[in-house]
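User: I am new to this structure and would like to go through it by question and answer. Please show it before we begin.

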Amino acid sequence: MSHQIRFSRTGGPEVLEWCESEPLPPGEGEARVRHHAVGLNYIDVYHRSGLYPVPLPSGLGLEAAGEVEAVGPGVTGLKPGDRVAYAGGPLGAYAEVRNLPADRLVILPDALSYEQGAAMMLHGLTAQYLLRRTYPVQSGDTILIHATAGGVGLIVCQWAKALGATVIGTVGSDDKAALARAHGCDHAIVYTREKVSERVRALTGGQGVQVVYDSIGRDTFMDSLACLAPLGMMVSFGNASGPVDAFDPGVLARMGSLFLTRPSLFHYAARREQLVAMADELFAVVTSGQVRLSIGQRYALQDVAAAHRDLEARRTTGSTILIP
């Protein structure tokens, strides 16, 4: 009998339950995947806590890598034994084995391990759309990325450097600053002792940055706007400190005719051809060595509550994976 993590009420990590679960044979358009590694992401906390409501009871998790065990009717391009990875689709990645829509799976290159696949898909695809589509970073740009020592942040640092940008990042400690610099961050601001916008202005000769990538939310939003050059873009893509409070859009005009967007990976990768193109570009920058993946923590899948506690307490760095 296989197992999965489920929850029947929202709340803290204590609501997560280790349950027996045996999937049915895959249905039309589905594949059954045995997971070798599962990714942990902050969106999992939002689902568990109720910030992003989901029908209950529910599975949890959006990212994993593993081996195809069986395919259902109508599935083409996949066969048992294929190495695959995914990010998105229905909740339920916190499982030893599961069925999911086959069109959400991408073939994992032989050069990448299952652990790398689970560590890179959601973080890496997020970095791809942030840097290549939401605000296409150009050589000579200066960017600000919050939570630089996290999974998305470390990928963004390296990828942005490969594109020719100057990278400013925010971190919570000197150890995290050193980690960020080792992954391409030109200037690491320790936000616990420096005001970020003042430091950004000093680093840019008063000009500000072309784009801010902010996954923190409420605690950083207004100061992030203060970091932008005129006509700069504020990309709010997460709420680690809580959702952003309502504000007067006139603020954007007064601060320099700023642009504001709140993107989601699931819209950028909604169509199969978009997902494949994004994954191909991500796999290329990783296999070329331009982006090195940092797996900071590993937990047994059964111990996922401890992983959630560490993630929320900001005790993690880089990507975190769960081992079924």
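Analyst: Helices and strands here are DSSP runs, numbered from the N terminus, with at least four residues for a helix and at least two for a strand. The model is a predicted one.

User: Which element gives the most to the lining of the largest pocket?

Analyst: The largest pocket has a volume of about 1,100 Å³. Of the 46 residues that line it, Tyr42, Ala147, Ser215, Ile216 and Ala240 are the closest to its centre. The elements that give two or more residues to this lining are α1 (42–49), α2 (114–134), α3 (151–162), β10 (166–171), α8 (265–268) and α10 (304–312). With four residues, the element that gives the most is α2.

User: How many charged residues does the lining of the largest pocket have?

Analyst: The lining can be split by class into nonpolar, polar and charged residues. There are 21 nonpolar and 18 polar residues, and the charged ones number seven.

User: Which element gives the most to the lining of the second largest pocket?

Analyst: The second largest pocket holds about 200 Å³ of space. Its lining has 18 residues, and those nearest the centre are Gln4, Ser21, Val97, Arg98 and Asn99. Two elements, β1 (3–7) and β7 (97–101), give two or more residues to this lining. With five residues, the element that gives the most is β7.

User: How many charged residues are in the lining of the second largest pocket?

Analyst: By class, this lining has seven nonpolar and seven polar residues. The number of charged residues is four.

User: What is the volume of the largest cavity, and which element gives the most to its lining?

Analyst: The structure holds one cavity of 30 Å³ or more. Its lining consists of Gly151, Leu154, Ile155, Arg292, Leu293, Ser294, Gly318 and Ser319, which by class are three nonpolar, four polar and one charged. The space in the largest cavity is about 40 Å³, and the element that gives the most to the lining, with three residues, is α3.

User: Do the buried residues of α9 line one face of the helix or opposite faces?

Analyst: Helix α9 covers residues 272–287 and reaches 22 Å from its first C-alpha to its last, close to the 22 Å expected at 1.5 Å a residue. Its buried residues are Gln274, Leu275, Met278, Ala279, Leu282, Phe283, Val285 and Val286. Seen down the helix axis, these residues fall within an arc of 165°, so they line one face of α9.

User: Which elements do the buried residues of α9 pack against, and which residue just after α9 takes a positive phi?

Analyst: The packing partners of the buried residues of α9 are β8 (106–107), α2, α3 and α8. Just after the helix, a phi of about 90° is taken by glycine 289.

User: What do the buried residues of α10 pack against?

Analyst: In α10, the buried residues are Val304, Ala305, Ala307, His308, Asp310 and Leu311. They pack against β1, β3 (30–40), α1, β15 (295–300) and β16 (319–323).

User: Is arginine 314 buried or partly exposed?

Analyst: Arginine 314 follows α10 and lies in the loop between α10 and β16. Its phi is near 60°, a positive value in a residue other than glycine. Most residues other than glycine have a negative phi. The relative accessible area of arginine 314 is 38%, which lies between the 20% and 50% cut-offs, so this residue is partly exposed.

User: Is leucine 231 buried or exposed?

Analyst: Leucine 231 is in strand β13 and has a positive phi of about 70° although it is not a glycine. Its relative accessibility is 57%, and the class of exposed residues starts over 50%, so leucine 231 is exposed.

User: Where is proline 57, and is the peptide bond before it, from leucine 56, cis or trans?

Analyst: Proline 57 is placed in the loop between α1 and β4 (58–59). Most peptide bonds are trans. From leucine 56 to proline 57, omega is near 0° and the bond is cis.

User: Which residues does proline 243 touch, leaving out those up to four places away in sequence?

Analyst: Proline 243 sits in the loop between β13 (228–236) and α7 (250–254). At 37% relative accessibility, this proline counts as partly exposed. With sequence positions up to four places away not counted, the residues touched by proline 243 are Leu51 and Arg218.

Methods:
Residues numbered from 1 in each chain as written. Predicted model: local features only at pLDDT ≥ 70, side-chain atom pairs only at ≥ 80, totals over all residues. Heavy atoms only, no water. 1 Å grid on protein atoms, 1.4 Å probe; cavity = no way out; pocket = protein on both sides within 12 Å on 5 of 7 lines; lining within 4 Å. Points joined across faces, edges and corners; volume = space filled by probe spheres on them. Nonpolar A, V, L, I, M, F, W, Y, C, P; charged D, E, K, R; others polar. Expected span 1.5 Å × (residues − 1). Buried < 20%, exposed > 50% of the residue type's maximum accessible area, 1.4 Å probe, protein only. Arc of directions from axis to C-beta. Contact = heavy atoms within 4.5 Å.
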